[in-house]
Amino acid sequence: MSKLKRVDLDLAERILYPTVPTIVLAEYDGRVSGMMAAWWTQLSFKPFLIGVAVAPERFTYKLILKSRIYSINFIDSSLINKTPYLGDISERFYPNKIIVAGFNIGRGEVLRAPILLDSSASLELELSRIVEVGDHDLIVGEVRSAYAIEDFNGMWMLRDYKPLMYLGRTRRPDKVKRLYVKCRDFEFTEIEYAPGDLREVASMRFKILDTLEGIFKSMAGRSRRKVLHELAGVLKEYNLDPSDTAYYYEELRRKAYL
Ligand SMILES: Cc1cc2nc3c(=O)[nH]c(=O)nc-3n(C[C@H](O)[C@H](O)[C@H](O)COP(=O)(O)O)c2cc1C
């Protein structure tokens with residue numbers, strides 16, 4: 001019998017947590033606003049795009065739409081008590097909430113976007129597009145500059161930065177509470193890329209891609225149809241499904257483009 005038990009779809013959203021909530025900051029016409037945002041994700045390496053799902057009624061949304069620049073800030077869990085200003089009340093009804101909360105606002109060096117000086121890391125973004133997806137819109141932005149405290153040494157060391165983690169909130173009629181997790185210590189685990197038996201499969205994939213790349217490059221300027229035909233031949237040689245040729249073509253095209 002499976003250990004999995006059926007979860008009410010009303011509660012299933014909470015399965016997605018814990019996430020590290022960010023603070024999105026924007027400014028227009030001298031007014032700065034910031035909001036907590038847990039629904040965010042990287043969308044692309046190059047260009048470096050991040051998407052944040054923002055409800056259209058957020059005041060911060062309006063400022064992003066108008067100024068087209070904003071920042072995404074990552075705060076340490078020690079600042080947890082300041083988060084209700086950013087996540088539970090709107091700048092629309094509580095002017096200057098960021099300053100009242102005790103945060104300090106600085107500027108990004110590239111776009112002059114407002115950034116949180118108290119953050120552990122901040123990203124400065126330029127609005128790329130807005131995608132309507134449901135009751136939230138996906139705000140897609142390109143990262144134009146990034147800042148982090150010393151703890152980030154090409155990767156987080158997680159000594160001075162203890163990220164905040166969000167578990168979701170309770171609902172009325174109960175008293176509404178937001179639940180966070182604070183981690184004091186982290187256990188680091190390194191897993192080798194494609195270890196053991198998987199290595200053979202991974203290297204096979206690289207071998208195929210290397211072979212295909214040689215052909216792809218040698219056929220620069222030739223029609224897509226001709227290149228696909230050539231690539232399909234190689235796939236057959238490797239006993240691979242030639243109907244996947246278009247996928248390999250795209251992978252190589254993207255690689256060449258990078
Ligand atoms: C931990 C946390 C995560 C949140 N994540 C989001 C989110 O991803 N998208 C969103 O639209 N609102 C999110 N909210 C709600 C907004 O932060 C909140 O409505 C905020 O008060 C909006 O402020 P504003 O109207 O000044 O922009 C979150 C709130 C909290 C506390």
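**Notebook: S5 and its surroundings**

I began with Asn 73, which stands opposite Ser 122 in S8. (Strands are DSSP runs of E with at least two residues and helices are runs of H or I with at least four, all numbered from the N terminus.) This is a predicted model, in which local features need pLDDT of at least 70, side-chain atom pairs need 80 or more, and totals for chains, interfaces and linings use all residues. Residues are numbered from 1 along each chain as its sequence is written, and side-chain values use heavy atoms, without hydrogens and water.

**Entry 1: S5 and its partners**

How many bridges do S5 and S8 share? I found six, and the two strands run antiparallel (strands pair if DSSP finds at least two bridges between them). On S1, I looked up Val 24 and found it opposite Ile 72 in S5. S1 and S5 are antiparallel too, with four bridges.

Next I asked how many of the six residues of S5 are buried (under 20% relative accessible area with a 1.4 Å probe, protein chains only; exposed is over 50%, partly exposed in between). I counted six of six, so I noted S5 as mostly covered. Which way do its residues point? Ile 69, Ser 71 and Asn 73 point one way. Tyr 70, Ile 72 and Phe 74 point the other way, and these are buried as well.

**Entry 2: the whole sheet**

I then traced the sheet around S5. The sheet is open and has seven strands, in the order S2-S1-S5-S8-S9-S4-S3, with antiparallel pairing. Which strands stand at the edges? They are S2 and S3; each has a single partner strand, so one side of each lacks a neighbour in the sheet. I noted an average turn of 35 degrees between neighbouring strands, direction ignored.

Further along the order I checked S4, residues 49–54. Six bridges join S4 to S9, and the two run antiparallel. Ile 50 has Gly 141 in S9 as its bridge partner.

**Entry 3: H1**

Which strands does H1 lie across? My list is S1 (22–28), S2, S4, S5, S8 and S9. The angle between H1 and S1 is about 55 degrees (axes are lines fitted to C-alpha atoms, for helices over the stretch in contact; angles run from 0 to 180 degrees between N-to-C directions).

I looked up the buried residues of H1 and found Phe 59, Thr 60, Tyr 61, Leu 63 and Ile 64. These buried residues pack against S1, S2, S4, S5, S8 and S9. I then checked the residue just after H1. Arg 68 stands there, with a positive phi of about 65 degrees.

**Entry 4: Ser 77**

Where does Ser 77 lie? I found it in the loop between S5 (69–74) and H2. Is Ser 77 buried or exposed? Ser 77 counts as buried because its relative accessibility is 5%.

Last, I looked up what Ser 77 touches, leaving aside neighbours within four places in sequence. Its contacts (heavy atoms within 4.5 Å) are Lys 162, Pro 163, Leu 164 and Lys 182.
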